[in-house]
Amino acid sequence: MMLNFYGFKLVDEDTGELGRTDEWEERFRNLNICTHNNLRISRIITCLGQLGFERYKKPFLDRLAIEMAEHDKLNNCKASMRQFWQMLVNQQDSREYAEKTKETPADRTTSIYFTHKAGESDEYVAYKLQEEQRSQQMDALKKQFALKRIESQKRTGWKQKGGGTTADGKPRKGQASRSASATVGGPNAKPGASRGRGGPAAGAGAGAGRGGQQAKRGGKGGGKQRGRL
C-alpha cells in the first residue's frame, strides 16, 4: 500500500525489485513536495530489517537512487538519502545504526513469509487470494475516482463558462438572471455601479447635460436682467 502511495510497485517478491506504477508522476510530485514522507521512509526501511524483510531494503534504496540520479526525480529527497537512508541500508554494523534502530542481529532473521511462499502453503495461497481481491478493489476504486474527477472538472468548467446554453442556443436560466442582475446593478454588479440603466457614467453625463441647459437658461436670464438694469 505504501509503495503504491509513493508511486512504486513490487515487481519481484523474491528479490524485492521495484518498478513504477501507472500513477507515478502524480505520486512522485506529492513525495517530492511533502517532505514529511522522508521520515516515514526511514521508518519503513528500519521496519523491513526488524520484521525479517531485510532483502527488500536495498532494492528500495536502489530504486530511489535510480529515480534521483538517472531520471532527475525526487530532488527534495536527496538530503534524506545521504544523511539517513544510506546509513540504514549500508551501515548495519555501525554504532549510529544501532542507536538509531535499536536493532539486534536476532531481529534480522528472515521472515517466515518466505518459507510459506517457497512451499506454497495453504496460508500463503489464502494470502495471495486476498491480495488479488484487494488489488481488484483498488483498481475499481481508482476508476471510480478518475470518473468523479472528470465529472468535477466538467462541472467546474461549466461554472467558469457562465452556465452555458440550452439545446436551442438560449442562455440558461441561471446565466440569464445573473446577466440581468449585473445590468441593472444587482448583487453581481461592480461596487459603485448605479442601479439606473445608464450606470454612473450615463448619470454623470445626464447631470452634466441638465447642468449645461440650466446654465444656458441662466445665462439668458442674466442677460435680460442686466438689460433691465
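This report describes the fold of a predicted model, with most attention to helix H3 and its neighbours.

## Overall architecture

The protein chain contains 10 helices and 2 strands. In sequence order these elements follow the pattern α-β-β-α-α-α-α-α-α-α-α-α. Of the 229 residues in the protein chain, 24% are buried. When contacts between residues at least 6 apart in sequence are considered, 49% of them join residues at least 24 apart. The structure holds 0 disulfides. Two cysteines can be described by their accessibility. Cys 34 has a relative accessibility of 22% and therefore counts as partly exposed, since the buried class ends under 20%. Cys 47 also counts as partly exposed, because its relative accessibility is 37%.

## Helix H3 and its surroundings

Helix H3 covers residues 37-50. At 1.5 Å a residue, its 14 residues should span 20 Å, and the end C-alpha atoms are indeed 20 Å apart, so the two values agree. The buried residues of H3 are Asn 37, Asn 38, Ile 41, Ser 42, Ile 45, Thr 46, Leu 48 and Gly 49. In an α-helix there are 3.6 residues a turn, so residues three or four places apart point the same way. The cover over the buried residues of H3 includes helix H1 (2-6), helix H2 (24-33), H4, helix H5 (78-90) and helix H6 (95-101). After H3 comes Gly 52, which has a positive phi, near 90 degrees.

Two of these packing partners, H4 and H5, are described in turn.

H3 packs against helix H4 (residues 57-69) at an angle of about 155 degrees, and their axes are 9 Å apart. An angle over 145 degrees counts as roughly antiparallel, so H3 and H4 are roughly antiparallel to each other. On the H3 side the contact is made by Ile 41, Ile 44, Ile 45, Leu 48 and Gly 49, and on the H4 side by Lys 57, Phe 60 and Leu 64. These contact residues divide into 6 nonpolar, 1 polar and 1 charged.

With H5 the axis of H3 makes a crossing of roughly 10 degrees, and the two axes come within 9 Å. Angles under 35 degrees count as roughly parallel, and H3 and H5 are therefore roughly parallel to each other. H3 contributes Asn 38, Ile 41, Ser 42, Ile 45 and Thr 46 to this contact, while H5 contributes Ser 80, Phe 84, Trp 85, Leu 88 and Val 89. The residues of the contact of H3 with H5 comprise 6 nonpolar, 4 polar and no charged.

Ile 41 and Ile 45 are listed in the contact with H4 and also in the contact with H5. Both residues are buried.

## Individual residues in loops and in H8

Gly 16 lies in the loop between strand E1 (8-10) and strand E2 (18-20). With a relative accessibility of 2%, Gly 16 counts as buried. Apart from its neighbours within four places in sequence, Gly 16 is in contact with Leu 10, Tyr 56 and Pro 59. The C-alpha atoms of Gly 16 and Glu 54 are separated by 9.6 Å, although the two residues are 38 apart along the chain.

Ser 111 is in the loop between H6 and helix H7 (112-119). Its relative accessibility is 12%, so Ser 111 counts as buried. Beyond its neighbours within four places in sequence, Ser 111 is in contact with Leu 51, Gly 52 and Phe 53. Gly 52 is the residue with positive phi that follows H3.

Lys 142 belongs to helix H8 (residues 122-160). Lys 142 is partly exposed, with a relative accessible area of 29%. Leaving aside its neighbours within four places in sequence, Lys 142 is in contact with Asn 4 and Glu 23. Asn 4 falls within H1 (2-6).

## Positive phi outside glycine

Asp 72 and Lys 102 are residues other than glycine with positive phi. Their values and locations are tabulated below.

| Residue | Phi | Location | Relative accessibility |
|---|---|---|---|
| Asp 72 | near 55 degrees | loop between H4 and H5 | 52%, exposed |
| Lys 102 | near 60 degrees | loop between H6 and H7 | 64%, exposed |

Both residues count as exposed because their values are over 50%. The loop between H6 and H7 holds Lys 102, which is exposed, and also Ser 111, which is buried.

Conventions. Residues are numbered from 1 along each chain as its sequence is written. This is a predicted model: local features need pLDDT of at least 70, side-chain atom pairs count only at pLDDT 80 or more; totals for chains, interfaces and linings use all residues. Side-chain values use heavy atoms; hydrogens and water are left out. Axes are lines fitted to C-alpha atoms, for helices over the stretch in contact, and angles run from 0 to 180 degrees between N-to-C directions. Helices (H or I, at least four residues) and strands (E, at least two) are DSSP runs, numbered from the N terminus. Angles under 35 degrees count as roughly parallel, over 145 as roughly antiparallel, 65 to 115 as roughly perpendicular and the rest as oblique. Contact means heavy atoms within 4.5 Å. Ala, Val, Leu, Ile, Met, Phe, Trp, Tyr, Cys and Pro count as nonpolar, Asp, Glu, Lys and Arg as charged, and the others, Gly among them, as polar. The expected span of a helix is 1.5 Å times one less than its number of residues. Buried means under 20% relative accessible area, exposed over 50%, partly exposed in between (1.4 Å probe, protein chains only). A disulfide is a pair of cysteine sulfur atoms within 2.5 Å.
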